[in-house]
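This briefing introduces a structure to a reader who has not met it before. It treats a sheet, the cysteines and a pocket in turn.

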Amino acid sequence: MTGVHTYKGGCLCGGLRYEAHGKPQAQGYCMCRDCRKASGSGVVPFLLFAPSSVRFEGETKQSVVKSFRGSNAVRNRCATCGGLVFGGPVGTAEFHTLYAGSLDEPSLFRPTMAIFAREQPDWVLLPPELEVFATLPGM
């Protein structure tokens, strides 16, 4: 299929892998406190996909916290090396967030937005062309 991208990636050791097909529903940077704490960074670069577009292989270790909306925010790490790879529970997620740092081909990441800017650390600089949201789009 011409024009359809395949996004492949995984953890540092290769024990947890994914493959996503099609166009991401969104791409951007999350600066919420939870993402910053989970990643140890100022932002988490993400690509948002429908669950039907993504296939995972390997064992995960999950962390669960309450999200901004009050539901569970599930982050998946490799059970072996601990690399942060994707968000959302497999099999029941409304969407999956693939963390752009885990992409095999990083140039496929094309951010258009930044979310949770109200929690942006002073030392985080964002590209000026991004659409910036205080929390989530539409809220």
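Two strands are said to pair if DSSP finds at least two bridges between them. The model described here is predicted. On that footing, three strands form an open sheet in the order S1-S2-S5, and their pairing is antiparallel.

**The three-stranded sheet**

- Strands of a sheet pair through backbone hydrogen bonds, in either a parallel or an antiparallel manner.
- The edges of this sheet are strand S1 (6-10) and strand S5 (54-57); each has a single partner strand, so one side of each is left without a neighbour in the sheet.
- On average, neighbouring strands of this sheet are turned by 15° against each other, with direction ignored.
- S1 and S2 are antiparallel and are joined by five bridges; within this pairing, Gly9 has Tyr18 in S2 as its bridge partner.
- S1 and S2 also form a hairpin with six residues between them. Gly14, in the turn, has a positive phi of about 85°.
- Strand S2 (residues 17-21) and S5 run antiparallel and are joined by four bridges. Ala20 stands opposite Val54 in S5.

**Cysteines**

- A disulfide is a covalent bond between the sulfur atoms of two cysteines.
- The number of disulfides counted in the model is zero, the criterion being a pair of cysteine sulfur atoms within 2.5 Å.
- Cys13 is in no disulfide, and the nearest cysteine sulfur, that of Cys78, is 3.7 Å away. Cys13 is partly exposed, with a relative accessible area of 43%.
- For Cys35, the closest cysteine sulfur is that of Cys32, at 3.7 Å, which is too far for a bond. Cys35 is buried, its relative accessible area being 9%.

**The largest pocket**

- Rolling a probe the size of a water molecule over the atoms shows where empty space is left.
- The largest pocket has a volume of about 970 Å³.
- Its lining consists of 34 residues, of which Ser67, Ala73, Phe95, Thr97 and Leu136 lie nearest the centre of the pocket.
- The elements giving two or more residues to this lining are strand S3 (26-30), helix H1 (33-39), strand S4 (44-49), strand S7 (72-78), strand S9 (96-99) and strand S10 (113-115).
- S7 provides the largest share of the lining, namely four residues.
- By residue class, the lining of the largest pocket divides into 19 nonpolar, seven polar and eight charged residues.

Methods. Residues are numbered from 1 along each chain as its sequence is written. This is a predicted model: local features need pLDDT of at least 70, side-chain atom pairs count only at pLDDT 80 or more; totals for chains, interfaces and linings use all residues. Side-chain values use heavy atoms; hydrogens and water are left out. On a 1 Å grid over the protein atoms alone, a cavity is a set of points where a 1.4 Å probe fits but cannot get out, and a pocket is an open set with protein on both sides within 12 Å along at least five of seven lines; lining residues have an atom within 4 Å of a point. Grid points are joined across faces, edges and corners, and a volume is the space filled by probe spheres set on the points. Ala, Val, Leu, Ile, Met, Phe, Trp, Tyr, Cys and Pro count as nonpolar, Asp, Glu, Lys and Arg as charged, and the others, Gly among them, as polar. Buried means under 20% relative accessible area, exposed over 50%, partly exposed in between (1.4 Å probe, protein chains only). Axes are lines fitted to C-alpha atoms, for helices over the stretch in contact, and angles run from 0 to 180 degrees between N-to-C directions.
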